[in-house]
Amino acid sequence: AGKAPERFRPKEVTLPERQQLCDKLPTEAKALARKFERFSDKTLDRSILPHPLLGYLTLREMGYFMIYHVKHHRAIVDKYAEN
């Protein structure tokens with residue numbers, strides 16, 4: 001697995017902060033989805049963005065990656081919450 005550059009690594013959070021972040025996640029995800037809906041298919045497929053580990057991705061690929069990435073990290077948080 002890749003390791004994010006230092007500037008992208010999250011700071012440690014307290015348990016109450018973690019809960020607040022988890023509670024905000026659905027609202028933030030919906031807001032991001034609404035922003036993606038503004039783009040045409042042409043724009044989604046032709047606009048290129050840099051990713052520090054994956055290289056260049058189209059805007060559509062970045063959107064799909066963000067969905068995966070959030071689910072991946074949420075699963076990690078849930079795993080540690082069980083312990």
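How many aromatic pairs does a search of the whole structure find? The search finds two. Rings of Phe, Tyr and Trp (its six-membered ring) pair if their centres lie within 6.5 Å; planes under 30 degrees apart count as stacked, over 60 as edge-to-face and the rest as tilted.

| Aromatic pair | Centre to centre | Angle between planes | Class |
|---|---|---|---|
| Phe36 and Phe39 | 6.3 Å | 70 degrees | edge-to-face |
| Phe65 and Tyr68 | 6.5 Å | 40 degrees | tilted |

In the edge-to-face pair, Phe36 is buried at a relative accessible area of 18%, whereas Phe39 is partly exposed at 37%. Buried means under 20% relative accessible area, exposed over 50%, and partly exposed in between (1.4 Å probe, protein chains only). Phe65 and Tyr68 are three residues apart in helix α3, so about one helical turn separates them. An α-helix has 3.6 residues a turn, so residues three or four places apart point the same way.

This is a predicted model, in which local features need pLDDT of at least 70 and side-chain atom pairs count only at pLDDT 80 or more, while totals for chains, interfaces and linings use all residues. Residues are numbered from 1 along each chain as its sequence is written, and side-chain values use heavy atoms, with hydrogens and water left out. The mean pLDDT (the predictor's confidence in each residue, from 0 to 100) is 89 for the protein, and 98% of the residues score at least 70. Confidence is highest in helix α2 (residues 41-46), at a mean of 98, and lowest in helix α3 (residues 59-82), at 88.

The protein has three helices and two strands, in the order α-α-β-β-α from the N terminus. Helices (H or I, at least four residues) and strands (E, at least two) are DSSP runs, numbered from the N terminus. The radius of gyration, taken over C-alpha atoms, is 15 Å, well over the 12 Å that the globule rule (2.2 Å times the number of residues to the power 0.38) gives for 83 residues, so the protein is more spread out than a compact globule. Its C-alpha trace spans about 45 × 25 × 20 Å along the principal axes. Of the 83 residues, 12% count as buried.

Helix α3 has 24 residues and reaches 35 Å from its first C-alpha to its last, close to the expected 34 Å (1.5 Å times one less than its number of residues). Leu59, Met62, Gly63 and Phe65 are buried in α3. The cover over the buried residues of α3, counted by contact (heavy atoms within 4.5 Å), includes α1 (15-37), α2, β1 (48-51) and β2 (55-58).
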